[in-house]
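I set out to record three things in these entries: enclosed space, nonpolar packing and strand pairing. The structure is reproduced below for reference.

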Amino acid sequence: VRIKKVSLTRGAMTEFEQKLRQQHEESMHAELEALLATAGRAEAEVSRKDFSGFKNLFHRFLQVKGPSVEWAKINRPPEDSIQPYEKIKAKGLPNNITETLNKLVVVKLNGGLGTSMGCKGPKSLISVRNENTFLDLTVQQIEHLNKTYNADVPLVLMNSFNTDEDTKKILQKYSHHRVKIHTFNQSRYPRINKESLLPIATNMGMTGENAEAWYPPGHGDIYASFHNSGLLDNLLAEGREYMFVSNIDNLGATVDLFILHHLICQPADKRCEFIMEVTDKTRADVKGGTLIQYEDHLRLLEIAQVPKAHVDEFKSVTKFKIFNTNNLWISLSAIKRLQERNSMDLEIIVNPKTLDGGLNVIQLETAVGAAIKSFNNAMGVNVPRSRFLPVKTSSDLLLVMSNLYSLDAGSLTMSKKREFLTTPHVKLGSSFTKVQDFLTRFENIPDMLELDHLTVSGDVTFGKNVSLKGTVIIIANHGDRIDIPAGAMLENKIVSGNLRILDH
């Protein structure tokens, strides 16, 4: 009898949960309708499309309990599913480069703000090298490609409601460049109150009390919003076949003709619809997503999906040797097919946030690379580390502004004078976090060609023409200040305490 009782309560619970879920979903739908009623006609039309994607995500969020992967089912990808770049390169270049390039679209993810680096406005408008912004460098790269091969590769920017207006103002300055630039906006989703699971917005406005009510739902939204914008169809009509997608702050993500050729030259029935560029993990990349084999599909595994007990294993450099650079090559017709069948099932990333007033909210997001399992003949290509050069912090900025790199036609390449292929490990303290503060602390960027490791902490400034070699650690304790004098050469040195050079 007892056994029966247990199973009964279990059954009743699921029925109770089912009703609760249904209740949450109905309440959410009612709230969204009420929000739409506060918008003008044009805005409501766009937002209705956004909300349909959001409802989908919310529905799945309510269904899914527990981790989205079972650890025991995870396998290493089969040997041939991740190819070394050298093997792809060995196939050589296409006979007609112009024709091949004209099948390509370059898409940059441009939804992010520069807040983590202390800047207002889109991150892509931060100057990274000789007054050039991320966007300038991107336009220069593609223009160079178009001029060199007499091609017509368009640039597409996926903006968010945070970056759209500022980006569009800037785009006017490129009207005489040889590159067509299109933009589309990713969706705008409502942040959800963690307790009530309802939107915190009171109307569709984006200012005042609603300023924090909305968020762009991660780059996995690219498939739906690209399709909804009508741009996907226009580009297919022009004969475009593949898009190369990357983060606009990854300065290593340039168009690679060998990978493009590999995609285009496959026979029609064996067409690879998705390539993810991966690269070898170092200690600095332990949190990066990796490729696994799961239920006969290649799949992206992000740290957020890993059960707590296995996080250390996930971070190990031996078991998971590679990570996703987020440089992706994707078939446009395949995106259209999967969108129309509504058969792209991206794992949900639940991103908890605490707003300024202390309210706990959740954002439901997805990642663009998570779609790899939905495409035919998908594969990874293990590319050189040089294709992954993201600028997320001022420490990264120091590297790309230095003489470690030379700039040519918008592309940064490691200086021939550097003996090691790896970049130095740089850790700058909190006094350098904001770009403005960072710039005032360097009279010019030190010579770093022979640097292996740099740690700087506290109130430190650098004079002109400083040279750093080997391992350099500079620590100014609270209340102290260290001025590294002009022309100083620091090799394998630790500097701490107070060091002030006074001009007479």
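I began with the lining of the largest cavity, sorted by class; the model is a predicted one. I found three nonpolar, one polar and two charged residues in that lining. The residues concerned are E302, Q305, E347, I349, A367 and A370. I then looked up the volume of the largest cavity, which is about 30 Å³. With a threshold of 30 Å³ or more, I obtained a count of one cavity.

Next I turned to nonpolar packing. Which residues have the most contacts inside the largest nonpolar core? I noted L101, L104 and F462, in a core of 72 residues. I followed L104 further and left out residues up to four places away in sequence; L104 then touches V153, P154, R240, Y242, M243, F244, V255, L260 and W329. Apart from the largest core I recorded another, of 36 residues, with I330, L332, M344 and A370 among them. A370 had already appeared in my notes as a lining residue of the largest cavity.

My last entries concern strand pairing. I looked up strand β21, residues 451–457, and found it paired with strand β23, residues 467–475, in the parallel sense over six bridges. Within this pair, L454 stands opposite V472 of β23. How many bridges join β23 to strand β25? I recorded seven; these two strands also run parallel, and β25 covers residues 489–496. For L468, I noted L490 in β25 as the bridge partner.

How values were computed
Residues numbered from 1 in each chain as written. Predicted model: local features only at pLDDT ≥ 70, side-chain atom pairs only at ≥ 80, totals over all residues. Heavy atoms only, no water. 1 Å grid on protein atoms, 1.4 Å probe; cavity = no way out; pocket = protein on both sides within 12 Å on 5 of 7 lines; lining within 4 Å. Points joined across faces, edges and corners; volume = space filled by probe spheres on them. Nonpolar A, V, L, I, M, F, W, Y, C, P; charged D, E, K, R; others polar. Core = buried A, V, L, I, M, F, W, Y, C linked by side-chain atoms within 4.5 Å. Buried < 20%, exposed > 50% of the residue type's maximum accessible area, 1.4 Å probe, protein only. Contact = heavy atoms within 4.5 Å. Pairing = 2+ DSSP bridges. Helix = DSSP H or I, 4+ residues; strand = E, 2+ residues; numbered from the N terminus.
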